[in-house]
Amino acid sequence: MFIRGLDVRDFRSWPELKLELGPGITLFVGRNGFGKTNIVEAVGYTAHLSSHRVSHDSPLVRQGAQSARISLTAVHQGRELTTHLLVKPHAANQAQINRTRLRSPRELLGVVKTVLFSPEDLVLVRGEPAGRRSYLDSIIASRTPRLAGVKADYDKVLKQRNALLKSASASMRRGYGDSDGAAALSTLDTWDAQLAHLGAQVITARLALVDALLDHIPTAYAGLAPESRPARVEYRSTIDTSDREVLEAVMLTTLAHSRQRDIERGISLVGPHRDDLLLYLGDQPAKGFASHGETWSYAIALRLAEFELLRKEGGSDPVLILDDVFAELDAKRRTQLVHLAATAEQVLITAAVDEDLPDNLEPIVRYRVGVKDTDQGRISTLHTEAATRGISEEDV
């Protein structure tokens with residue numbers, strides 16, 4: 001898969017940007033804050049309907065604009081599709097493929113597949129469980145777009161259940177003998193049934209993904225840090241997952257057992273929103289016990305595993321995005337990423353300065369990103385620089 005064209009309007013620092021792209025390596029060089037990451041962020045947003053930098057859409061729309069537009073033409077095994085995405089900070093986003101308006105932007109999922117490496121990936125190892133859950137859910141959405149809708153529906157039901165627990169806690173404590181308590185508990189029963197139905201699907205999908213990654217992650221980590229302890233991952237759930245065939249019933253029972261605690265705390269304490277992907281080095285958790293180098297190796301291994309899985313299952317490579325990542329890596333890890341870039345169909349790379357780049361990384365197309373002051377404020381600019389021949393596996 002590769003991106004043939006990118007057209008954005010009022011996206012972050014870009015009032016307008018039109019790019020023709022192709023297979024091979026494209027490099028964007030510019031100082032921090034000039035807008036180079038905004039370019040690859042637009043590609044990643046189309047693929048995942050989320051940003052790797054912010055958790056909501058408002059920062060994506062250029063100051064003073066009402067909305068942002070991202071249009072992208074992707075070529076997959078000879079078939080060309082153009083996606084259009086209108087990002088609205090205070091209303092529902094809109095999407096279409098070619099000239100067909102979609103009922104939901106989620107229908108774009110799977111049209112473009114990307115794997116992005118960035119400095120933020122350290123959070124996958126050092127950070128809270130939410131980041132690791134997001135890692136799993138993003139890959140699931142790329143593999144099976146329908147399940148992104150299941151996860152979104154789960155989040156909506158969870159929000160409703162939590163709102164009920166907070167607003168009707170006193171009534172529910174009085175039990176079924178009180179009319180208000182009986183009504184609230186009856187509503188809670190309804191939310192529990194829906195939460196168990198959707199939550200079981202989310203957990204099942206995550207378990208299947210972890211099964212698929214079980215060999216890829218340790219192999220990738222061993223290639224990056226052969227002298228280190230072996231890597232191992234494990235999915236830790238608040239629901240007993242020993243029998244996947246009856247997960248919905250098990251989750252419903254677990255919700256019942258946790259109900260009193262949930263009412264007292266005013267929040268749902270069990271379900272996939274409380275689960276975690278545990279990362280181990282040997283017998284110790286990577287979080288808190290891994291060195292800085294081991295942490296970087298683990299974070300890269302997670303992305304390498306994602307790339308290899310999507311490549312194997314999709315019949316073609318996802319677009320590889322390396323966002324300001326080389327400056328953070330030592331020579332060994334740079335070499336591993338250059339090796340991957342040599343084999344990927346399309347690679348988009350950002351860097352602040354040339355000194356951050358490996359010596360053997362030679363882009364086919366190179367752009368210099370700058371800024372200028374206008375009546376619209378400071379905006380990003382793009383200039384083409386001399387192109388070179390690219391790299392091959394023999395160069396690595």
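Let's start with Arg9: its bridge partner is Glu16, in strand 2. Please keep in mind that this is a predicted model, where local features need pLDDT of at least 70, side-chain atom pairs count only at pLDDT 80 or more, and totals for chains, interfaces and linings use all residues. Residues are numbered from 1 along each chain as its sequence is written, and side-chain values use heavy atoms, with hydrogens and water left out.

Strand 1, residues 2-11, pairs with strand 2 in the antiparallel sense over six bridges. Strands here are DSSP runs of E with at least two residues, helices are runs of H or I with at least four, and both are numbered from the N terminus. Two strands pair if DSSP finds at least two bridges between them.

Now the whole sheet. It is open, with six strands in the order 2-1-4-5-6-7 and antiparallel pairing. Strand 2 (14-20) and strand 7 (100-101) are the edge strands, each pairing on one side only. Helix 1, residues 36-48, packs on the sheet and touches strands 1, 2, 4 (68-76) and 5 (79-87); contact means heavy atoms within 4.5 Å. The direction of helix 1 makes about 110° with that of strand 1. Axes are lines fitted to C-alpha atoms, for helices over the stretch in contact, and angles run from 0 to 180 degrees between N-to-C directions.

On to a helix pair. The axes of helix 3 (residues 129-143) and helix 10 (residues 292-314) come within 11 Å and cross at roughly 15°. That makes helix 3 roughly parallel to helix 10, a label for angles under 35 degrees. Helix 3 contributes Tyr135, Ile139, Ser142 and Arg143 to the contact, while the helix 10 residues include Leu302 and Glu306.

Terms used
Angles under 35 degrees count as roughly parallel, over 145 as roughly antiparallel, 65 to 115 as roughly perpendicular and the rest as oblique.
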